[in-house]
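Student: I should like to take a close look at a single part of this structure. Could you please guide me through the surroundings of one charged residue and then through a few other residues that deserve attention?

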Amino acid sequence: MIPVNMLIPLRINSKYVCIYAYIQYWFQSVFRNGKQTHSPWAIKKINSKCAKKQMNIYQKRLSEEAKILKDLQHPNIIGFRAFTTAKDGSKCLAMEYGGEQSLNDLIERRREAGLQAFPVATIEKVALHVARGLQYLHNEKKLLHGDMKSCNIVIKGDFETIKICDVGVSLRLDENMQVTDPNTCYIGTEPWKPKEALEDEQITDKADIFAYGLTLWEMMTLSVPHLEMLDSEGDDGDSFDEDDFDEDAYYERLGTRPPLDTVTLGGAYQRMVELFCLCTEVDPCKRPSAAHIVQALESNSQLDETSLEVIVIE
């Protein structure tokens, strides 16, 4: 068994931000015809180094994730395989092996190589496949994913398959696509949170759409939403000083549409820029549904007739 990501910090150009996942993934190695390869399973468990108080929280989330995942079956969502107890007493969630890396891994690798945005065809493919997964969750299963971001999208090969993972903080949606259970709360991850989650307002399926829009932005900028300011501190990652980080500016930006250099991207990206803008409207009622996005992308139809204001980086 090969351990992967024992403690995962969110990294921006060699600078570490305190966003941690106390999750440990294991990929079973098997040999076929004398060659080492991956099995169709990936094992997820809580890191043994996790503090006891946090351990209980994450064990509960893992159990809830297993319960939810067992009821899901869609080509763009990681499949359930088993939920069992290891010899050390810890719970283990066995899942479909969805790929070698997350979308976030690929974004980071591309940035470190000095490359620019992903090819527009790749972004469009990710946009469609993730939207299909969200449409299934929202419309068929009445579930809000609750933590959409590049880290929770698993990629196999050269974008051969694209799957949503980590449904452990999903929330139930009612017939009006609203989260109404008073005993639940939106968890998410801070840079991807919509304004309604930050201000404890009504959460709907459109919370996932906001984070989905920021995920497309990640692929076009190779940055973390609202933390792109760290990338502009200089090319030398070691020159970053924590005291230089404008915390007030960061919190003020949360829940808003981050700037995008559309001039550098060029006209080929216009459709993805429009989709990003629609999905990141502050007013959730103005964001499209996952079903609307899928319909527009599959039919290559216009996403919206209204003109969109895009913030451009000079």
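Tutor: What follows is a description of one arginine, then of a charged patch and of two loop residues. Please keep in mind that the model is predicted.

We begin with Arg271, which belongs to helix H9, a helix covering residues 270-279. Arg271 is buried, and yet no salt bridge is found for this residue. The nearest side chain of opposite charge is that of Glu124, at 5.2 Å; a salt bridge requires atoms within 4 Å, so this pair does not count as one. A polar atom of the Arg271 side chain does, however, lie 2.8 Å from the backbone oxygen of Ala296.

Charge also appears in a negative surface patch, which is made up of Glu190, Asp246, Glu247, Asp248 and Glu252. One of these residues, Asp246, is found in the loop that runs between helix H6 (228-231) and helix H7 (247-253). Asp246 has a relative accessible area of 39% and is therefore classed as partly exposed.

Two loop residues remain. Phe159 sits between strand E10 (153-156) and strand E11 (161-164). Phe159 is not a glycine, but its phi is positive, at about 60°. Its relative accessibility is 8%, so Phe159 counts as buried. Asp166 lies in the loop between E11 and strand E12 (171-172). Asp166 has a positive phi of about 55°, although this residue is not a glycine either. With a relative accessibility of 18%, Asp166 counts as buried, because the limit is under 20%.

Methods:
Residues numbered from 1 in each chain as written. Predicted model: local features only at pLDDT ≥ 70, side-chain atom pairs only at ≥ 80, totals over all residues. Heavy atoms only, no water. Helix = DSSP H or I, 4+ residues; strand = E, 2+ residues; numbered from the N terminus. Buried < 20%, exposed > 50% of the residue type's maximum accessible area, 1.4 Å probe, protein only. Lys, Arg positive; Asp, Glu negative; His and termini not counted. Polar contact = N/O pair within 3.5 Å; in protein donor to acceptor, adjacent residues only side chain to side chain. Patch = residues over 30% accessible without salt bridge, like charges linked within 9 Å, V, L, I, M, F, W, Y side chains within 5 Å. Areas by Shrake-Rupley, 256 points an atom, 1.4 Å probe, with all protein chains shown as cover. Charge placed at Lys NZ, Arg CZ, Asp CG, Glu CD.
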